[in-house]
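Grab a pencil and work through these exercises one at a time. Try each task before you read its solution.

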Amino acid sequence: MNKIDAKMGGSMVYVMVLITFLGILSTGFLYMTEYSRRSAMNNRAYIEAQTTARSIHQSFCEAVSSRTSEAMDTLWSCFEEDCDTVREEYEAAAGDEEAGDDELEEDAGDGPLTEEDDEQEAVGDGPLTEEDSGAVSEDPGGGTEDHASPWETFLRSRLEEKAYVTRGRTELSERVSVSITLTAYPLKNKATVSTTVACNGYRFSMNGDILFNNMDGDMLDLGEGLSICMEGSGVYRYYGD
């Protein structure tokens, strides 16, 4: 009966350990390769989703600023309707005030002219003094103060703080959905766009501020020399939640 050589047995053990070690290395390498592939795909999907979300948001903000947005046009129409309503209130209030002044003048003119009235008329006929000319005042900087007209004051008291809001949601594709909220303050010359985009399993929320300050663009005439800009000079700023 032949004996097993100890050296041969040691070699077999060495070969088995080596094969096992190579198998572990191969499995680890395959796992790392698969992990890297999935990570690259996820990064690519994220970058694509982020780019899509920014493009949608910036395009809408630019449309609002350049007055090519139907949503913003709708808000401008609502604002004009409110201005017409406030104008009717203003004219009615002005008419009531004039009627009250006429009644006071009639009551004052019914009595006889007294000596004191003669003295007051004599004073009124005198030369215009520096104190009498104080209807236009000057500010400390030397310029003339720019006072708002009664109509502008009345209009701002009614609508300056009013927010005009419209919301919309749409599915651009099976993997892209968009929700946008547009808030405008016409008498403050500004609007805010809030956009939420879901794409490739990711969700992005972005905001943008628009200032309507383009004096060379379309203007909205509100009467009595008052007008406001309807266009901006680009988007004022972008920012996230």
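**Exercise 1.** How much area does the chain expose, and what percentage of it do carbon and sulfur atoms supply?

*Solution.* Before we start, note that this is a predicted model, where local features need pLDDT of at least 70 and side-chain atom pairs count only at pLDDT 80 or more, while totals for chains, interfaces and linings use all residues. Residues are numbered from 1 along each chain as its sequence is written, and side-chain values use heavy atoms, with hydrogens and water left out. Now the answer: the chain exposes about 17,200 Å², and carbon and sulfur atoms supply 52% of that. The area comes from the Shrake-Rupley method with a 1.4 Å probe.

**Exercise 2.** Which pattern of helices and strands does the chain follow?

*Solution.* Start by counting: there are four helices and seven strands. These are DSSP runs, numbered from the N terminus (helices are H or I with at least four residues, strands are E with at least two). Then read along the sequence, and you get α-α-α-α-β-β-β-β-β-β-β.

**Exercise 3.** Describe the largest pocket and say what lines it.

*Solution.* First, the space: about 170 Å³ lies in the largest pocket. A pocket here is an open set of points on a 1 Å grid over the protein atoms alone, with a 1.4 Å probe fitting at each point and protein on both sides within 12 Å along at least five of seven lines; lining residues have an atom within 4 Å of a point. The volume is the space filled by probe spheres set on the points.

Next, the lining: 13 residues, with Phe 60, Gly 168, Arg 169, Thr 170 and Ile 180 nearest the centre. Helix H1 (6-65), strand E1 (164-173) and strand E2 (176-185) each supply at least two lining residues, and E1 gives the largest share, six.

**Exercise 4.** Is Ser 177 buried or exposed, and which residues does Ser 177 touch?

*Solution.* Find Ser 177 in strand E2. Its relative accessible area is 13%, so Ser 177 is buried (buried means under 20%, exposed over 50%, partly exposed in between, with a 1.4 Å probe and protein chains only). Now list its contacts (heavy atoms within 4.5 Å). Leaving out residues up to four places away in sequence, Ser 177 touches Arg 169, Thr 170, Glu 171, Thr 196, Val 197 and Ala 198.

**Exercise 5.** Why does Cys 83 count as buried?

*Solution.* Cys 83 counts as buried because its relative accessibility is 6%. Cys 199 is buried too, at 0%. Finally, zoom out: buried residues make up 23% of the 241 residues in the chain.
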